[in-house]
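Biologist: Please take a close look at one part of this model, the loop towards the end of the chain. Then relate it to the rest of the fold, with the reasoning spelled out where a classification depends on a cut-off.

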Amino acid sequence: MTSRLDSAQPYALGLYRIVIGLLFACHGAASLFGVLGGARGGGTLEAGAWPGWYAAVIQLVGGGLVALGLATRAAAFVGSGSMAYAYFVVHQPEALWPLQNGGELSAVFCWALLLLVFTGSGALGLDRALGGRAAVPGPRPRDRTPSVA
């Protein structure tokens with residue numbers, strides 16, 4: 001059973017990346033364009049308003065890149081940092097715990113994106129397709145240099 005799960009790992013990671021990226025991008029689109037319920041219960045953020053508008057741009061662009069698997073690690077790093085900023089600067093001064101200060105979404109996105117920084121895009125990403133590498137990473141071939149004994 002473990003070997004089956006291990007062989008499916010790149011695909012599970014790819015699906016995870018796609019879902020997190022789409023959710024992150026939708027959050028940014030809602031704030032920028034007022035779709036999907038809009039920002040703060042409706043409407044949009046004023047262009048250039050600090051920090052909300054800039055965070056929404058990072059969410060939309062970064063989420064799109066993560067969903068596509070294009071520059072995944074860099075986009076996830078920037079997105080994770082923006083969510084850490086959102087949590088510690090915007091939410092945490094209100095109360096200590098995320099449940100009390102409304103920062104659950106920022107905390108979850110921060111950690112979800114940080115995981116992608118370390119794991120990469122997995123299968124089904126454009127990074128692999130454009131880079132000419134195999135769609136699913138396999139075991140690395142061992143160095144076949146003859147050893148001198």
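Modeller: In this predicted model, L124 sits in the loop between helix 5 and helix 6, the latter covering residues 126-131. Its phi is positive, at about 70°, although L124 is not a glycine. Most residues other than glycine have a negative phi. A71 is another residue with a positive phi, near 55°, and it too is not a glycine. A71 belongs to the loop between helix 2 and helix 3. With a relative accessible area of 38%, A71 is partly exposed, because that class lies between the 20% limit for buried and the 50% limit for exposed.

The loop of L124 joins two elements of an all-helical pattern, α-α-α-α-α-α along the sequence. The chain has six helices and zero strands. UniProt, in an unreviewed entry, lists residues 12-36, 48-68, 75-93 and 105-126 under "transmembrane region". In the model, the span 105-126 is 73% helix and 0% strand, with its end C-alpha atoms 27 Å apart. For residues 75-93 the helix content is 89% and the strand content 0%, and the end C-alpha atoms are again 27 Å apart.

Helix 5, on one side of the L124 loop, also takes part in an aromatic pair. The whole structure holds five such pairs. One of them joins F24 and F109, with ring centres 4.9 Å apart and 55° between the planes, a tilted arrangement. F24 lies in helix 1 (residues 2-33) and F109 in helix 5 (residues 104-119), so this pair ties together parts that are 85 residues apart in sequence. Both partners are on the covered side of the cut-off: F24 counts as buried because its relative accessibility is 0%, and F109 counts as buried because its value is 6%.

The pair of W53 and Y54 has another geometry. Its ring centres are 5.1 Å apart and its planes stand at 90°, so the pair is edge-to-face. W53 counts as partly exposed, at 25% relative accessibility, and Y54 is partly exposed as well, at 38%. Y54 is placed in helix 2 (residues 52-68). Together with W50 and Y85, these two residues form one aromatic cluster.

Three members of that cluster, W50, Y54 and Y85, return in a nonpolar surface patch, alongside F88, V89 and V90. The patch covers about 640 Å². Helix 3 (residues 72-91) gives the most to this patch, with four residues. W53 is in the cluster but is left out of the patch, because patch residues need over 30% relative accessible area and W53 has 25%. Y54, at 38%, passes that limit.

For the chain as a whole, 33% of the 149 residues count as buried. The accessible surface comes to about 9,600 Å², and carbon and sulfur atoms account for 67% of that area. Among contacts with a separation of 6 or more, 65% are between residues 24 or more positions apart.

Note on methods:
Residues numbered from 1 in each chain as written. Predicted model: local features only at pLDDT ≥ 70, side-chain atom pairs only at ≥ 80, totals over all residues. Heavy atoms only, no water. Patch = residues over 30% accessible without salt bridge, like charges linked within 9 Å, V, L, I, M, F, W, Y side chains within 5 Å. Areas by Shrake-Rupley, 256 points an atom, 1.4 Å probe, with all protein chains shown as cover. Salt bridge = Lys/Arg side-chain N within 4 Å of Asp/Glu carboxyl O. Buried < 20%, exposed > 50% of the residue type's maximum accessible area, 1.4 Å probe, protein only. Phe/Tyr/Trp six-rings, centres within 6.5 Å; stacked < 30°, edge-to-face > 60°. UniProt positions renumbered as here; feature names shortened; annotations may be inferred. Contact = heavy atoms within 4.5 Å.
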